[in-house]
Amino acid sequence: MELVALLRSKLRLSLVAGLTLTTLAGCSSLPTSSSTDSVASIATDGEQLRLAELYQAPTYHAGGVPPTRWLADGSGYTTLEAAAQGDGNDLVRYHPETQARAILITAAELTPKGHDEPLQLADYQWSNDGQKLLIFTNTKRSWRTHTLGDYWVFDLQQRSLTQLGTFAEPSTLQFAKFDPQAERVAYVMQNNIYVERLRDGKITQLTDDGSTSIVNGTFDWVNEEEFFLRDGFRWSPDGESIAYWQLDTSGTPDFTMINNTDSLYPTLKTFPYPKVGETNAAMRIGVMPATGGDTTWMKVPGDPRQHYLVRMQWAGNSEQLLIQQLTRSQAINRAFITDANSGEVREVLRETTESWAEYVDDVQFLADGKHFTWLSERDGYRHIYRANRTTGHLQAITKGNWDVVEVLQINEAQGWVYFIASPETPLERYLFRASLDGSGKLERLTPAQAGTHSYQLSADAAYAVHTYSSVTQVPQVDMVSLPQHQQIRMIKDNATAQNAFNALARGSFEFFQVEAQDGLMLDGFLMKPVDFDPAKQYPIVYYVYGEPWGQTVSNSWGGERFLWHTYLTQQGYIVASVDNRGTRSPRGYDWRRSIYKNLGVITVRDQHDALQAMLKRWSFIDQDRVAIWGHSGGGSQTLNAMFRYPDSYHVGMALAPVPDLTLYDTIYQERYSGLLPEAAESYRETSAITHAKNLQGELLLVHGTADDNVHFQGSERLVNELIKHGKQFEFFAYPNRTHGIREGEGTTEHLRTMMVEFLQENLPAGGR
C-alpha cells in the first residue's frame, strides 16, 4: 500500500506458518541502542506552529537535491543548478575531492530550437562513456508513477540536442535507455518496443502486437504497484539483443472509476485490476535481436497466470538470463538460468517458506562468471550470500542476529559489498561494508551519529553523496570521502527549515519500549504536550500503520506528518506511535512473518497491548481520552482497533482504508493473507468490516473518490455496514483525489484542519 519504502525482505527455508507467539519472544533480545528511552531537547517557550504557514509557505520545507549522478570514469558527479543567466538549470559537474565546479551543459543548450524555455529535466542518465546525456522531460502518470514523457539526447561532442520518437504523440514514450555503446536508444511507446539509431534517427519497431491487453516492455497496474515492475526490457551486455516481459491482461477483470468533476458529464477510467482470487495477467519473457526479428520465449515452467516473473536480468553474459519466479501464493521463489537462444531453463536456486517468499533485487554476477550474489533470510535474518552458478550452493558473506536493510554496491575489484544496516537498533540506519570472500570481515563506515543515513556511492566507492536526518534534524546532504567518512562539502544544509523547526515550541520526544502480552518488546515514540505537567492527565493520539510496508518508529525526520503531530502537542495532546510485529522493521524473519493470515488481529492486539502497558507506566495518559489514526494500511488498522477494542479507543480517524481485504489486489493481499477459497474464513475474520457492528467511539472516515489503489468502493461498503447497524459516524469524500489525498489546491491543509477539528470536538485537549 502507500507506505512504500523500497526495502524488500527476503526468505527463509522451512518456517512453519502457524508461528506461536512465544516463538517471537526471542526477537526482544535484540540489543537496544542509546536512542531507546532517550529524550530529545525541549523548547517550551518557542513559537506556535500555524497550519496555514505549514501548508502554504516554504518555511518548513526540507528540500532534497536535484537528480545527482556519478560519472562512470570517476571524474565527479553531476547535478542541476539554477542557470547563471536566464531561466532553467545548468547541468554542472563537481570534482569529488576538490569540489571544483564546471558547467557541462548550459540551460541555453538545453533549449530546443524554436522553444522559448529550456527543458525541465525530471531525470537524466549518462551514457557509459559520459559523452551523451539522455533527458526525461514533460512527464505524466501512466498508472501511479510518472513513467510517460518525452526523451531527448544531448551530445557533448557535437553540442547538439535531439528529440527521440518524434513520430509519437507528446508524453507517450517510456523507459528510454542507451545501448552499451551509446549508438542507439530503445524505448516503449503504447505497449510496443522501439529502437532508434542516434546517427541518423532511423527507428525500428521491434514488437507490433502491443494493445490494450498485450503489454510489451512495461507492466499492468498491479505489477507496477506491488512488485515495482515498470521498466520491462533489458539490453544485452553486447548490445545485440533485448530481453523483455510480455503481459496478457485479457481475462483480468476491469475496474472502473468515475470522474464527476472535470467535465459537464461524468467520464470513466477503466483498467485491469485483479482483486483477491481473480485472474492475473499471464507473464512471459522473451529475447529478440535488437535489429528486429523473431522472439525466443523462455520456457519457464508453470501456469503463467498462477506464477509471477518478478525479476529478470542478463546473467553476467549476453547468452543467458537469470529469472526469478514466484508462485501465486508467493511461498516459493525459484531462480532460473535460461538460454537466450533456445529458451531452455535450469533451476539454480530455490527459497521456500510457508508464509511468503521475497525476490532479490541485488543480484550481481561476479567476474569469474561462476558466482552471483544473493539475499536470503534462511538463517532467520536477511543476509548477503555468494551463490554458485551451477549448484546454487550459498556461502554467507554477512552473518549475525541482524538484518541487511539495503545493498548499495558490490565492488568486486575492491572485494567489498557496501550496504545499509543497524545491528544495534532497528530505529536507525548506517553504512557498512563486508568482505566478499566470506571471511566475515565487517566494517561500519558511518560515524557514531544517531539517526538515519543514506548514500549514493561513486563507482569506486571512494566518495558518496550522504544524507543524514534524525527526529530533530531535517535532512542534510553532504559529500564525504570513504572509508574515513570525512566531509568534503555540505551540499544542502536546509538551514532555513532547521531554524524554523528549532524555533517552535515543543515538548519532549522520547523513544521507548513496552512489552506485548507474550513478552515481545515493541518500539514506540512519545511526544508530550508543550505545557506538560506530570501531575495532570492528557489525551493521547496514536499514529498507526502496522502493515508490512511501513515502519513508523525510527530516528529519522518525519516531515509534514511529524510537524502536524508537533502542532497537536501544542494544542495539548500526547502523540505516540508503536510498531507492532509484522511492520518493516529490521528485526528478523520471525518478526516480519508473524502476521501471516493475521493482519488486523495480531497487529492491533499488539497496539492494544502497548496502550495498556503505557497506561500502567505513565499516569499522565488519560485512559478515557484515547484516539488513533492512520492512512492506507494504517486506516485499516485504525478501523480494526476501533471495532475490536471499542472500550479502549474513543476516537478514530481512518484515511483511505481497506475495510474488506478481498477488495484489494492479488499480489499484496494474497501474499499476507493467503489464497481463496481455502483462506476465506481468515479474510472474513481479519477484515475490519466484519466487526463494524462493535463501533462505540467517534469515527471519521475519509477517502478520495479517484483512489485507483485502495478503491473508494471499500469505504462505501463500510458505510453501508455501519448504517445497517445504526452506527453514527462522519464521512468525507474528496472528489477525484487519489490514494495520497493530496491533489488540488488546499487539499492537505483542508484534510489536516478537518482532523484537528474532529479531535478537538470529540477528544478535548489539555491536562486535567
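These questions and answers deal with burial, salt bridges and a surface patch in a predicted model.

Q: Why is T79 called buried?
A: The relative accessibility of T79 is 8%. Buried means under 20%, so T79 counts as buried. The residue belongs to strand β2 (residues 77-82).

Q: What makes P66 and Y124 contacts of T79?
A: Contact means heavy atoms within 4.5 Å. Leaving aside residues up to four places away in sequence, T79 touches P66, P67, T68, D90, L91, V92, Y94 and Y124.

Q: Why is the pair D403 and R592 called a salt bridge?
A: The side chains of D403 and R592 meet at 2.9 Å, N to O. A salt bridge requires a side-chain nitrogen of Lys or Arg within 4 Å of a carboxyl oxygen of Asp or Glu, and therefore the pair at 2.9 Å qualifies. This pair links distant parts of the chain, 189 residues apart: D403 is in the loop between β26 (394-396) and β27 (404-411), and R592 is in helix α5 (residues 589-593).

Q: How do you know whether D403 and R592 are buried or exposed?
A: D403 has a relative accessible area of 2%, and R592 has 4% relative accessibility. The limit for buried is under 20%, so D403 is buried and R592 is buried too.

Q: What makes E443 and K441 a salt bridge?
A: Their closest N and O atoms are 3.9 Å apart. The cut-off is within 4 Å, so the pair counts as a salt bridge.

Q: Why are E443 and K441 called partly exposed?
A: The relative accessible area is 23% for E443 and 44% for K441. Buried is under 20% and exposed is over 50%, with partly exposed in between. Therefore E443 is partly exposed, and so is K441.

Q: Why is R768 called exposed and D622 buried?
A: R768 has a relative accessible area of 58%, and exposed means over 50%. D622 has 3%, and buried means under 20%. R768 is therefore exposed, and D622 is buried.

Q: How do you know that R768 and D622 tie together separate parts of the sequence?
A: R768 forms a salt bridge with D622, with 3.1 Å between the closest N and O atoms. R768 lies in the segment after α11 (747-762) and D622 in strand β39 (residues 621-631), so the bridge ties together parts 146 residues apart in sequence.

Q: What makes E698 accessible enough for a surface patch?
A: E698, found in strand β41 (residues 698-704), has a relative accessible area of 37%. Patch residues need over 30%, so E698 passes that limit. The negative patch is formed by E698, E730, E757 and E761.

How values were computed:
Residues numbered from 1 in each chain as written. Predicted model: local features only at pLDDT ≥ 70, side-chain atom pairs only at ≥ 80, totals over all residues. Heavy atoms only, no water. Patch = residues over 30% accessible without salt bridge, like charges linked within 9 Å, V, L, I, M, F, W, Y side chains within 5 Å. Areas by Shrake-Rupley, 256 points an atom, 1.4 Å probe, with all protein chains shown as cover. Lys, Arg positive; Asp, Glu negative; His and termini not counted. Charge placed at Lys NZ, Arg CZ, Asp CG, Glu CD. Helix = DSSP H or I, 4+ residues; strand = E, 2+ residues; numbered from the N terminus. Buried < 20%, exposed > 50% of the residue type's maximum accessible area, 1.4 Å probe, protein only.
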